[in-house]
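Trainee: Could you take me through one part of this model up close? I'd like to see how a single side chain sits among its surroundings.

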Amino acid sequence: MTRCFSLTAARNRCYKSSFIKAGLRSTITDLQDGTVMHCWVPKTHNDSKPNLLLIHGLGANTMWQWGETIRKMIPFFNIFVPDLVFFGDSYTTRPERSESFQAQCVMRVMEANSVKKLSLVGLSYGGFVGYSLAAQFSEAVERVVICCAGVCMEEKDLKEGVFKVSDLEEAAEILVPQTPEKLRELLGFAMFKPPPSTLVPSCLLADFIDVMCTEYTEEKKELIRAIPKDRKLSNITKISQPTLILWGEYDKIFPLELGHRLKRHLGDNAHLVVIKGTGHAFIVEKPKECYRHLKSFLVDLQPPPSTPSPIPNNENHLLSCKGEAEKITLKTA
């Protein structure tokens, strides 16, 4: 039976209205190679403001992930908010699935909007894309914020007990949920204190899946599979821009160790801030603290105090992870 009312669709319309009221407009850019990109851009570009690019992660479209951030940051920036390929109204007929390809598509949208300099914030999967964009277009990117993105993960981490789910196909089923049960599982991984299942009825979860998660499901899984493929730390470019790394203390999707690894990889040019009492979705769990760090780094241009890094390759940590891996299968994304 067809639903008469969709709470998810109604919420989506509210987000769209809030973006328009914030001074953004919806645009479509045809890259003329089989790729079409949707992006929210300023209705009127203010030359006295710097440009800020917000890159979303897996899950809902970009409006759901950046709504609150835009409201607070738009007084300081010309804000650009794209939908990555296979999210929202962006898609491609090309076979590429790497974050490098995603970064090139986003940069072409920025160029189409005459953006020559920008800072960026990348959330989860968007952090992979943002890091790649900063590496490929270093002259255009001024400052970088990476939020809970395991950029420095390696393919071997899947077998060495780093992730909560080591099977890539199982991870993809969770990250691109098609049933209320899988969506509940995703919430459990994403949040430090997920809502009790009794407070989120299956009908609401099913509604969210129908509206947000049924298009390009196989293509999204291909994006996930492409992340660890042949990935080695030695092959990851060290970006030169000032970089803020934000991480949830109890992240179960990309463990905090990967945040420390990225900090070690980038050295003194990067600052790692751990947001206490949060998981992967710290932008939802502690939005005020997240905004405070973003404003300090991007607006006030102040380097935050770094979180001390643990000893690299701590054997006790690895043994603990491996022991835990025997009890629960581990993951990637």
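Mentor: Sure, and one term before we start: a polar contact is a pair of N or O atoms within 3.5 Å, and within protein one of them must be able to donate a hydrogen and the other to accept it. Keep in mind that this is a predicted model. Now look at Q65, whose side chain reaches the backbone nitrogen of G57 at 2.8 Å. Q65 itself sits in helix α2, which covers residues 62-73. Its relative accessibility is 16%, and buried means under 20%, so Q65 counts as buried. What is Q65 in contact with, once you set aside its neighbours within four places in sequence? The list is H56, G57, L58, G59, A60, L123 and I283. So G57 turns up both there and as the partner of the Q65 side chain at 2.8 Å.

Now step back to the whole chain. It has 12 helices and nine strands, and buried residues make up 52% of its 333 residues. Of the contacts with a separation of 6 or more, 76% are between residues 24 or more positions apart.

For a look at the outside, go to L204 in helix α7, residues 202-212. L204 has a relative accessible area of 36%, so it is partly exposed. Together with F5 and L7, L204 makes a nonpolar surface patch of about 300 Å². The accessible surface of the chain comes to about 15,300 Å², with 53% of that belonging to carbon and sulfur atoms.

Note on methods: Residues numbered from 1 in each chain as written. Predicted model: local features only at pLDDT ≥ 70, side-chain atom pairs only at ≥ 80, totals over all residues. Heavy atoms only, no water. Helix = DSSP H or I, 4+ residues; strand = E, 2+ residues; numbered from the N terminus. Buried < 20%, exposed > 50% of the residue type's maximum accessible area, 1.4 Å probe, protein only. Contact = heavy atoms within 4.5 Å. Patch = residues over 30% accessible without salt bridge, like charges linked within 9 Å, V, L, I, M, F, W, Y side chains within 5 Å. Areas by Shrake-Rupley, 256 points an atom, 1.4 Å probe, with all protein chains shown as cover. Salt bridge = Lys/Arg side-chain N within 4 Å of Asp/Glu carboxyl O.
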